[in-house]
Amino acid sequence: MGAVAIKQEEPAVTGQQPGTPPRLRVENVSLRYRTPEGGTFSALENVSFEVPDQQFAVIVGPSGCGKSSLLYLTAGLAEPTEGDIYVGGQLVDGPGADRGMVFQSYTLFPWLTVRQNVEFGLKRRGMPAAERREIVDYYLDEVGLRRFENNYPKQLSGGMMQRVAIARALANDPQILLMDEPFGALDSQTRMQMQQLLLRVWDHSKKTVVFVTHDIDEAILLGDRVYVMGARPGRIKRILDVPIERPRSLDMVMDRQFIEMKREILGLLHDDLEEAH
Ligand SMILES: Nc1ncnc2c1ncn2[C@@H]1O[C@H](COP(=O)(O)OP(=O)(O)OP(=O)(O)O)[C@@H](O)[C@H]1O
Ligand SMILES: [Mg+2]
């Protein structure tokens, strides 16, 4: 790495009751992969940050900087080489229903209907049918899919599948929702609709969200805070608060504050490209 000053702000803890742990705490996490040549590749190097309860955190960064790896580690699908991750003060030690996940590739069970997909986790936990029905009805209404409850995933559009995935994740009442480029495969109009839908659902659910995207407009539109990562090795370069009031609408892309923030993030990402050459 060149002699580039990396300013990593102190993890902020606003929006949180004093004395309660942050919803997510990533502590000195490094992740190294073995390369086919027998060496090691550092995907994440000493990453530390906190996400307060009910915050919408967005992670942006160049391709390959370790965004997905960070979510997999938080989900408990992989283990850090060094460091620890805590969700609600509990050390992550494998997958758990307290972390809901929505990923870019569609991960619905193809043999289950929309309703059965959303109901899956609740049924597995042995929740009685009447209670299950009430929760599933609520979330199907939230994502506007009640009419399609008996459809199978292959009978849905991409946007609808991601709406089912969001409903399924929230139905389990997770502590935190982890989203890895969930709208990356959608056309721009569907994507904008999904962003508005997610903001509405988030406002109702008050869940903590960690959302990964390549799209800076999307990051500023959705986030309370944007965590900008750098690559080689993957690390948090800067944490920026989004100074734009909610509710947010697409018109805000014309606002001065929006444009300034976009310029700042682009600058940080651009520096990273320069460093790589
Ligand atoms: N199983 C693996 N074995 C070896 N290297 C891996 C493995 N998984 C990921 N990597 C490497 O770790 C780095 C981080 O990968 P990751 O998928 O987390 O990046 P990302 O930021 O999500 O990228 P993108 O924006 O393209 O999705 C990449 O350089 C990738 O090549
Ligand atoms: Mg990724």
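The legends below describe close-up views of a predicted model.

**View 1. Confidence and the annotated domain.** The chain averages a pLDDT of 91, and 92% of the residues score at least 70. Residues 1-14 fall below a pLDDT of 50, and beyond near neighbours in sequence this stretch has 14 contacts in the model. Where pLDDT is low, the predicted coordinates should not be read in detail. An unreviewed UniProt entry lists residues 24-256 as "domain: ABC transporter". Over residues 24-256 the chain is 32% helix and 27% strand. The C-alpha atoms at the two ends of residues 24-256 are 31 Å apart.

**View 2. The shell around ligand 1.** Around ligand 1 are Tyr 33, Phe 41, Ala 43, Gly 61, Ser 63, Gly 64, Cys 65, Gly 66, Lys 67, Ser 68 and Ser 69. Two or more residues of this shell come from each of strand S2 (40-51) and helix H1 (67-75). Helix H1 gives the most, with three residues. By class, the shell has four nonpolar, six polar and one charged residues. Two of the shell residues, Tyr 33 and Phe 41, are also bridge partners, Phe 41 lying in S2.

**View 3. Helix H1 and the residue after it.** Helix H1 is mostly covered, with seven of its nine residues buried. The buried residues are Lys 67, Ser 69, Leu 70, Leu 71, Leu 73, Thr 74 and Ala 75. Lys 67 and Ser 69 also belong to the shell around ligand 1. Just after H1, Gly 76 takes a positive phi of about 85°.

**View 4. The open sheet S2-S1-S4-S5.** Four strands form an open sheet in the order S2-S1-S4-S5, with antiparallel pairing. Strands S2 and S5 (90-91) are at the edges, each pairing on one side only. Strand S1 (residues 24-34) is joined to S2 by eight bridges and to strand S4 (residues 82-87) by five. Between S1 and S4, Leu 24 has Val 87 of S4 as its bridge partner. Strands S4 and S5 pair over two bridges, and the partner of Tyr 86 in S5 is Leu 91.

**View 5. The S1-S2 hairpin and Asn 28.** Strands S1 and S2 form a hairpin with five residues between them. In the turn, Gly 38 has a positive phi of about 95°. Asn 28 has a positive phi of about 50° although it is not a glycine, and this residue is found in strand S1. Asn 28 counts as exposed because 12 other C-beta atoms lie within 10 Å, and the cut-off for an exposed residue is 12 or fewer.

**View 6. Gln 54 in the loop after S2.** Gln 54 is found in the loop between S2 and strand S3 (56-60). Its phi is near 70°, a positive value in a residue other than glycine. With 15 other C-beta atoms within 10 Å, Gln 54 is partly exposed.

**View 7. Gly 88 between S4 and S5.** Gly 88 is in the loop between S4 and S5. Gly 88 is partly exposed, with 16 other C-beta atoms within 10 Å. Leaving aside neighbours within four places in sequence, Gly 88 is in contact with Pro 21, Arg 23, Asp 98 and Gln 175. The C-alpha atoms of Gly 88 and Pro 52 are separated by 9.6 Å, and these residues are 36 residues apart along the chain.

**View 8. Gly 159 in helix H4.** Gly 159 lies in helix H4 (residues 158-171). This glycine is partly exposed, with 18 other C-beta atoms within 10 Å. Apart from neighbours within four places in sequence, the contacts of Gly 159 are Leu 186, Thr 190, Gln 193 and Met 194. The C-alpha atoms of Gly 159 and Ala 130 are separated by 28 Å, with their positions 29 residues apart along the chain counted as the separation.

**View 9. Two cis peptide bonds.** A cis peptide bond joins Arg 232 and Pro 233, with omega about -5°. Pro 233 is placed in the loop between strand S9 (225-230) and strand S10 (235-241). Another cis peptide bond joins Arg 246 and Pro 247, with omega about 0°. Pro 247 lies in the loop between S10 and helix H7 (256-276).

Note on methods. Residues numbered from 1 in each chain as written. Chains lettered and ligands numbered in written order. Predicted model: local features only at pLDDT ≥ 70, side-chain atom pairs only at ≥ 80, totals over all residues. Near = placed C-beta within 6 Å. Nonpolar A, V, L, I, M, F, W, Y, C, P; charged D, E, K, R; others polar. Pairing = 2+ DSSP bridges. UniProt positions renumbered as here; feature names shortened; annotations may be inferred. Buried ≥ 20, exposed ≤ 12 C-beta atoms within 10 Å, placed from the backbone. pLDDT = per-residue confidence, 0-100. Contact = placed C-beta atoms within 7 Å.
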